[in-house]
Amino acid sequence: MARLIVVSNRVPIPKSRGATAGGLAVALKDIMTPGSMWFGWSGRLAAEPSAQPALVEARGVTYATVDLASDAYKAFYVGFANGVLWPLLHFRLGLMHFTRQDYQGYLSVNRAYADSLQQILDPSDTVWAHDYHLIPFARMLRENGFTGPIGFFLHVPFVPPSMMEAVPVGRELVADLCAYDLVGFQTEEHARDFRDCAERMLGATVEGEWVKLNGRLTRAFADPIGIDAESFARDAERAASDKQVQRMAGSLAGRSLAIGVDRMDYSKGLANRFEAYSLLLERYPDHQRKIHLLQICPRSREEVDEYRKLRSELDRLAGRINGRFSEFDWTPLRYSTRASPRATLAGLYRLARIGLVTPLRDGMNLVAKEYVAAQNDEDPGVLVLSKFAGAAMELTEALIVNPFDPDAIADAMNEALIMPLDERRQRHLALKEKVYHTTAARYAKTFVDALAARSVAKVAA
Ligand code: GDG
């Protein structure tokens with residue numbers, strides 16, 4: 001079988017500093033079999049980018065990493081990837097700060113990745129690149145002469161042509177995606193938006209899932225990501241003995257818990273969520289003293305200005321809610337900007353009567369799926385879910401809300417708090433079936449099979 005090489009900006013080398021057991025490593029664990037390789041950034045900045053990748057082996061998987069030059073990395077990561085692509089793909093054109101210099105930095109890091117991988121690449125390899133950091137990567141590998149199958153999965157949403165046109169290099173980005181053989185999206189809507197961009201901005205021919213540009217065929221399809229539901233559910237059940245979970249349970253003193261877990265990011269709709277909670281306490285005063293909202297939002301991307309601003313805004317809003325509603329023995333909002341261990345999170349989800357997942361825009365949102373998997377079937381909590389999270393396409397039995405409408409979120413929270421047990425169970429059962437069906441393993445296998453089919457089709461052509 002051809003060797004699979006996964007490429008992502010960060011490489012989750014087992015046991016290395018900063019490596020997390022979550023994220024992509026969990027999603028791809030079943031396909032990272034002995035003999036496969038993971039390639040990307042080492043996490044280190046150097047005066048000169050490393051010419052040769054450093055290789056580490058763990059459980060038969062080779063982790064190949066490169067150091068990057070700090071100037072190029074800044075332009076690539078802070079400037080273009082998170083200063084242009086992230087806001088653009090989350091429909092926040094006003095937060096986009098485009099400079100040609102940053103775009104050049106983005107290209108040069110992709111070029112450095114492609115050149116470095118080239119040195120250890122075999123013509124029979126299959127390459128799977130992940131996320132918006134790596135849009136031009138396939139074109140560059142092709143320019144280096146690689147002809148094997150290359151796939152790409154976009155973890156975040158995509159935008160319609162009217163938005164893509166706002167980026168001065170929008171056409172280049174769409175054309176670069178067409179250098180891949182297979183492009184996966186979280187939802188059919190995102191896949192369609194990409195095909196529309198290729199058609200309208202580049203004059204590509206689109207037939208079903210296929211995009212033809214300059215004689216090359218790319219398949220653009222939806223392959224929703226999932227979690228390892230079984231193991232998450234086990235962790236949640238076991239976490240009843242976790243010290244922090246026990247402390248939390250004890251401190252509730254019979255009150256209901258609502259939980260939100262998000263990287264601190266402006267796409268997650270945290271300010272609106274806080275506003276909604278305040279409205280719940282104001283408009284439904286019966287819930288005062290009977291509920292806590294626990295918001296866990298580990299700080300992220302602090303090198304980007306917008307993220308620092310968001311942090312001070314949330315500090316202010318949290319202070320305002322607690323200042324307004326707190327009593328000697330009740331603090332309505334508990335807010336932590338530190339990351340919690342995964343097992344603790346699982347246990348906290350299970351304690352919570354409401355899972356609040358209200359991003360303004362989100363590729364999928366795995367927290368929604370984790371919350372469902374963690375529930376106790378006998379007495380499950382209620383998921384309040386934004387209609388603009390990819391997860392809402394599948395998890396239709398959640399209470400679906402418009403995250404731009406804090407009143408609607410407050411109403412849904414009230415509905416969740418008063419929902420009869422029968423209805424909670426019915427909704428939960430339907431959600432659970434879906435979360436156990438569209439798992440991480442299924443996501444990865446679907447993609448790799450589709451990529452293999454592309455390579456067979458190319459050989460036959
Ligand atoms: C991108 C897309 C898409 C959060 N806080 C802690 C913690 N987490 C974990 C959650 C969850 C993960 O981080 C976050 O995943 P999301 O899917 O919610 O969001 P993004 O980070 O924005 O991810 C998104 C995803 O890629 C996958 O394709 O769904 O749409 O934006 O697993 O549990 N984990 C621990 N401590 C924390 O404090 N251990």
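The shell around the ligand draws on two domains: at least three residues come from each of domain 1, residues 4-226 plus 441-460, and domain 2, residues 229-437. Please keep in mind, everyone, that this is a predicted model.

So who is in that shell? In total, 22 residues surround the ligand, and the closest are His155, Ser340, Asp362, Leu366 and Glu370. If you sort the shell by class, you get twelve nonpolar, five polar and five charged residues.

Let me walk you through some of the contacts. Which ligand atom pairs with the side chain of His155? An oxygen atom of the ligand, sitting 2.6 Å from an N or O atom of that histidine side chain. Gln186 also offers its side chain, with an N or O atom 3.0 Å from a ligand oxygen. With Asn365 the backbone takes part: one of its N or O atoms lies 2.9 Å from an oxygen atom of the ligand.

How much of the ligand does the protein cover? On its own the ligand has 730 Å² of accessible area, and the protein covers 84% of that. Two elements give two or more residues to the shell, namely helix 12, residues 342-351, and helix 13, residues 366-374.

Now, while you have helix 12 on screen, look at the loop between strand 13, residues 333-336, and that helix, where you will find Thr337. Is Thr337 buried or exposed? Its relative accessible area is 16%, which is under the 20% cut-off, so Thr337 counts as buried. The side chain of Thr337 makes a polar contact with the side chain of Arg299, at 2.9 Å.

Let's move on to charges. Side chains of opposite charge can pair when their charged atoms come close. In this structure there are 31 salt bridges, and I have picked three for today.

My opening example is Glu143 with Arg111, whose closest N and O atoms are 2.8 Å apart. This pair links distant parts of the chain: Glu143 is in helix 4, residues 137-143, Arg111 is in helix 3, residues 100-118, and the two are 32 residues apart. Both partners are partly exposed, Glu143 with a relative accessible area of 47% and Arg111 with 29%.

Next comes Arg263 with Asp265, where the closest N and O atoms are 3.3 Å apart. Here the partners fall into separate categories: Arg263 is partly exposed at 30% relative accessibility, whereas Asp265 is buried at 0%.

My last pair is Asp377 with Lys432, with the closest N and O atoms 2.9 Å apart. Why does this salt bridge tie together parts that are 55 residues apart in sequence? Because Asp377 lies in the loop between helix 13 and strand 15, residues 382-386, while Lys432 belongs to helix 15, residues 421-437. Asp377 is partly exposed, with a relative accessible area of 33%, and Lys432 is partly exposed as well, at 22%.

One more thing before we stop. Some salt bridges share partners, and in this way Arg111, Arg139, Glu143 and Asp176 are joined into one network. Our opening pair, Glu143 and Arg111, is therefore part of that network.

If you want a place to begin when you turn the model around yourselves, try His155, one of the closest residues to the ligand, and then go along to Gln186 and its 3.0 Å contact. Thanks for listening!

Key. Residues numbered from 1 in each chain as written. Predicted model: local features only at pLDDT ≥ 70, side-chain atom pairs only at ≥ 80, totals over all residues. Heavy atoms only, no water. Near = heavy atom within 4 Å. Polar contact = N/O pair within 3.5 Å; in protein donor to acceptor, adjacent residues only side chain to side chain. Areas by Shrake-Rupley, 256 points an atom, 1.4 Å probe, with all protein chains shown as cover. Helix = DSSP H or I, 4+ residues; strand = E, 2+ residues; numbered from the N terminus. Nonpolar A, V, L, I, M, F, W, Y, C, P; charged D, E, K, R; others polar. Domains from an automatic or database assignment. Salt bridge = Lys/Arg side-chain N within 4 Å of Asp/Glu carboxyl O. Buried < 20%, exposed > 50% of the residue type's maximum accessible area, 1.4 Å probe, protein only.
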